[in-house]
Amino acid sequence: MASFARMVKGQVRHYSAPLDMAIPASKQKYIPSSGTYPKGFSVSGTHVGVKASNTKFPDLALISSETPCSAAAVFTTNKFQAAPVQVSRSTLQSRQGEGIRSVVINSGCANAVTGKGGLEDAVSMGTKVDECNGLTDPSTLVMSTGVIGQRLPITKILSKIPTAHSTLNSNHNSWLTTARAICTTDTFPKLLSQTFTLPSSPGHTYSLAGMTKGAGMIHPNMATLLGVLCTDAPIAPSILRPLLLHAVSRSFNSISVDGDTSTNDTIAILANGAAGGVPITSATSPDYAAMQTVLTTFAQSLSQLVVRDGEGATKFVTVRVQNSPDYDSARLIASTIARSPLVKTALYGRDANWGRILCAIGYTQGVKEGVVVPERTSVSFRPVDGSAELKLLVNGEPEQVDEARASVILQEEDLEIVVDLGGQEGAEEAVYWFCDFSHEYVTINGDYRT
C-alpha cells in the first residue's frame with residue numbers, strides 16, 4: 001500500500017495547468033490587471049474546440065491592425081517545419097515585410113508534419129481572415145501550436161474566424177483573452193505592455209504589447225513557443241527585421257526549459273505607425289538604438305515568463321557568464337549549463353552540487369581555445385535578496401561551502417548562477433534563463449496526448 005501511495009502521489013500535478021484552466025495562486029502575480037496597448041490594433045480570443053476535450057475555452061486568437069503594418073518574424077530552425085511556419089515565411093517574403101494586417105493563431109493542434117493538406121489548411125486560415133478584412137492579397141500570418149502529426153479540424157476553425165473578426169476589441173480583457181487562447185500546457189496567459197518615447201519624436205508616446213505561449217519543448221533556436229509583438233511606432237520593414245533578430249537572440253533564444261526545440265516556433269512583430277512621429281528608416285539613427293533597447297528589454301521580460309511557467313518548474317534560474325574574451329563562447333557556456341539535466345535536477349533537489357556546473361562548463365562544445373582556463377574560473381550563487389554571493393569556486397580552487405546558507409539560497413524560487421571566466425574586466429557577458437527539472441515534468445510529458 002505504501003508503494004502504491006507513493007506512485008499515486010507521483011502522478012499528482014502540482015505545477016502543471018489545472019484541468020479547469022484555473023490559474024494557480026502562485027502564478028496570479030504574473031497576470032497584468034491593466035495595460036497600455038498600441039493604437040490601431042484590436043484582438044479577440046474565440047472558442048473553436050480544436051481539441052474535442054476543449055468544450056469552452058478560447059483556442060483561436062486573432063490580432064489585427066486597422067492599417068497595413070511593417071512586419072518581421074523569426075522562425076524555428078527545426079528541419080521539420082510546420083505548415084504555418086512555411087506559409088507565414090512565404091507571405092512575409094512575397095510582401096517584403098510590408099502590408100501585413102493580421103495574425104491568426106490556433107492552439108490544440110500544431111498542423112506540423114501534415115503534408116500538402118496541412119499547407120492548404122494554413123493557407124485557408126489566412127485567406128479567411130483576409131476575406132474578413134476585405135482583402136484579396138495574402139496579408140495574414142498564421143501560427144499553430146499543439147500536437148504534431150494531426151490535421152486541423154479546418155472546417156470548424158474556418159467557421160469561427162468570422163466570429164473572431166466580429167468580436168475584435170482593443171480593451172485589456174480582450175488582449176488577455178487572446179493571450180489565453182494560444183496556451184497549451186501553459187498555466188497562465190503571458191501578456192505584457194508598456195509605453196516608450198523616441199529621441200526624434202519627443203512629443204509622441206508609443207506603446208508596445210506582446211503575448212507569448214510556451215511551457216515545454218523550450219530551447220533555442222527556438223522552442224515550442226509562439227509570440228506576437230505589436231507597436232504603433234513607425235518602423236520601416238528593412239529596419240524592423242534586424243531589430244527583432246537582435247531582441248530575439250538575447251531573449252527568446254536565451255531561454256531553456258528542457259533542451260528541446262519544436263517545429264512551429266514563431267516570433268512576429270507588427271508595427272503600424274498609428275502613433276505618428278518620425279519613421280525609423282536607418283540603423284544609424286538615435287531612434288534605432290533607442291528602439292533596440294526598448295524591444296530587447298521588453299522581449300527579455302516576455303520570454304522570462306515562459307521560463308517561469310516551465311513544465312513542472314519550481315525555480316527560475318539566471319546563469320550569467322562574464323569576463324569572456326568573446327560573446328559567442330560565453331553564450332555557448334551559458335546554454336550548456338541551462339540544458340544540463342544534472343544541473344537542473346540538483347537545483348530541484350536544492351543541492352549545491354557546483355561540480356555539475358563546472359562539468360557543464362568544461363564539456364561545452366564550440367568554445368574558442370583559451371576561453372575556459374580552470375585556474376582562473378570562478379563559480380558562485382548570487383541570492384536575489386541582494387546579500388553577498390556564495391562563492392563555490394575561486395580561480396579553480398574550491399571554497400569551503402557553507403551548506404546551511406546554500407540550503408537557504410536554494411529554497412528561494414529565484415536564483416542566479418555566476419560564472420566568471422577570469423578574462424579581462426569589462427569583457428563579454430552572456431545571460432541565459434532556465435528552470436529546474438522536477439518529477440512533474442516527466443508526468444506532464446508522459447501523458448501529453450492523453
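Which way do α2 and α3 cross, left-handed or right-handed? Keep that in mind while you read these notes on two helix pairs; remember that the model is predicted.

1. Start with the first pair. Helix α2 covers residues 83-95 and helix α3 covers residues 115-132. Their axes sit 8 Å apart, and the packing angle is about 55°. Angles under 35 degrees count as roughly parallel and 65 to 115 as roughly perpendicular, so α2 and α3 come out as oblique to each other.

2. Now for the opening question: α2 passes α3 in a right-handed crossing.

3. Who touches whom here? On the α2 side, look for Ala83, Pro84, Gln86 and Val87. They meet Gly118, Leu119, Ala122 and Val123 of α3. Sorted by class, this contact has six nonpolar residues, two polar ones and no charged ones.

4. Next, jump along the chain to helix α8 (residues 327-338) and helix α10 (residues 354-363). This pair packs at about 135°, with the axes 9 Å apart. Angles over 145 count as roughly antiparallel and 65 to 115 as roughly perpendicular, so α8 is oblique to α10.

5. The handedness of the α8 and α10 crossing is right-handed.

6. Try picking out the contact residues in the model. From α8, you want Ile333, Thr336 and Ile337. Their partners in α10 are Ile357, Ala360, Ile361 and Tyr363. The tally for this contact is six nonpolar, one polar and no charged residues.

Key:
Residues are numbered from 1 along each chain as its sequence is written. This is a predicted model: local features need pLDDT of at least 70, side-chain atom pairs count only at pLDDT 80 or more; totals for chains, interfaces and linings use all residues. Side-chain values use heavy atoms; hydrogens and water are left out. Axes are lines fitted to C-alpha atoms, for helices over the stretch in contact, and angles run from 0 to 180 degrees between N-to-C directions. Helices (H or I, at least four residues) and strands (E, at least two) are DSSP runs, numbered from the N terminus. A crossing is left-handed if the near helix is turned anticlockwise from the far one by less than a right angle, and right-handed if clockwise. Contact means heavy atoms within 4.5 Å. Ala, Val, Leu, Ile, Met, Phe, Trp, Tyr, Cys and Pro count as nonpolar, Asp, Glu, Lys and Arg as charged, and the others, Gly among them, as polar.
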